[in-house]
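Reader: I have a sequence and a structure on my screen. Can we go through the terms and see how each one is earned?

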Amino acid sequence: MTNPLTAETLGGGFDDAPIQSARAFRAALDAMARPGRIHVIAGARPPAPLSVAAGTLLLTLADGTTPVHLAGDIDCDALRGWITFHTGAPLVPAEAAVFAVGRWADLTPPRRFAIGTPEYPDRAATLIVEMPVLQSEGPVLTGPGIRDRARLTLPDPEAFRANHALFPLGFDTFLTCGNRVAGLPRSTRVEDF
């Protein structure tokens, strides 16, 4: 694949980077601190098929030292060029990723991604899962940051149960749809409906 410099590649970044990135960073932190709660996150205008939320997360959290993996139809010339131009992030295979972006079917099996080590559990990947819908319904979530319980649309509840069983190891997840994001850290328990 090539990375042509086109208007689509060069455009779509933050118009007011200090303010928009600060707001987006706060939304990302809130999403992980309050699992299952859906937040609005905006500012980026990435090429299709990447959502505004996923693009904004990448502009906020990735830089030249942050390996990113693009999966499925997200791995296209327009997005490769856009991410490289706006963040400088190296695009890497799944096993080397700090962030992996795609639809759940393209990110499975999640065991391909780093889950950290007992000495360094923070060396785990964060998945940015593009969802067709993102709603406060579905499996019950409990754990740190959740007052009693929450509900969230999940693509594969069993995979997230298995991920939690690895705690303190495991991957963390942002679920995105349009301009909305929800966090699901590995510390969150996923229970039946």
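Author: Start with pairing: two strands pair if DSSP finds at least two bridges between them. Keep in mind that this is a predicted model.

Reader: How do you know that β3 and β4 pair?

Author: Strand β3 (residues 99-103) and β4 share 5 bridges. The rule asks for at least two, so they count as paired. The sense is parallel. One facing couple is R103 and E130 of β4.

Reader: What joins β4 to β7?

Author: Again 5 bridges, between β4 (residues 126-130) and β7 (residues 172-177). These strands run parallel. E130 faces T176 of β7. T126 has D172 of β7 as its bridge partner.

Reader: Which sheet do these strands belong to, and in what order?

Author: They sit in an open sheet of 6 strands, ordered β1-β8-β7-β4-β3-β2, with mixed pairing.

Reader: What makes β1 and β2 edge strands?

Author: Each has a single partner strand. So β1 (39-40) and β2 (68-70) each have one side without a neighbour in the sheet.

Reader: Why is β4 called mostly covered?

Author: Buried means under 20% relative accessible area. In β4, 5 of its 5 residues are buried. Look at the faces too. T126, I128 and E130 lie on one side, L127 and V129 on the other, and all are buried. In a regular strand the side chains alternate between the two faces of the sheet.

Reader: What is the order of the sheet of 3 strands?

Author: That open sheet runs β6-β5-β9, with antiparallel pairing. β6 (150-151) and β9 (189-191) are at the edges, each with a single partner strand, so one side of each lacks a neighbour in the sheet.

Reader: How do you know that β5 and β6 pair?

Author: Strand β5 (residues 140-142) and β6 have 2 bridges, in the antiparallel sense. At least two are needed, so the rule is met. L141 stands opposite A150 in β6.

Reader: Why is helix α3 said to be largely enclosed?

Author: Count the buried residues. In α3 (residues 52-61) they are 8 of 10, so the rest of the structure largely encloses this helix. They are A53, A54, G55, T56, L57, L58, L59 and T60.

Reader: How do α3 and α4 cross?

Author: Their axes come within 9 Å and cross at roughly 35 degrees; α4 covers residues 77-87. The crossing is right-handed. G55, L58 and L59 of α3 make the contact with W82, I83, H86 and T87 of α4. By class, this contact has 4 nonpolar, 3 polar and no charged residues.

Reader: How many aromatic pairs are there?

Author: The count is 2. One of them is F160 with F171, with 6.0 Å centre to centre and 70 degrees between the planes.

Reader: What makes F160 and F171 a pair, and why edge-to-face?

Author: Ring centres must lie within 6.5 Å, and 6.0 Å passes, so the two rings pair. Planes over 60 degrees apart count as edge-to-face, and 70 degrees is over that limit, so the name fits.

Reader: Where in the chain are F160 and F171?

Author: F160 is in helix α6 (residues 157-165), and F171 is in the loop between α6 and β7. They are 11 residues apart. Both are buried. W104 joins F160 and F171 in one aromatic cluster.

How values were computed:
Residues numbered from 1 in each chain as written. Predicted model: local features only at pLDDT ≥ 70, side-chain atom pairs only at ≥ 80, totals over all residues. Heavy atoms only, no water. Helix = DSSP H or I, 4+ residues; strand = E, 2+ residues; numbered from the N terminus. Buried < 20%, exposed > 50% of the residue type's maximum accessible area, 1.4 Å probe, protein only. Axes fitted to C-alpha atoms, helices over the stretch in contact; angles between N-to-C directions. Left-handed = near helix turned anticlockwise from the far one by under 90°. Contact = heavy atoms within 4.5 Å. Nonpolar A, V, L, I, M, F, W, Y, C, P; charged D, E, K, R; others polar. Phe/Tyr/Trp six-rings, centres within 6.5 Å; stacked < 30°, edge-to-face > 60°.
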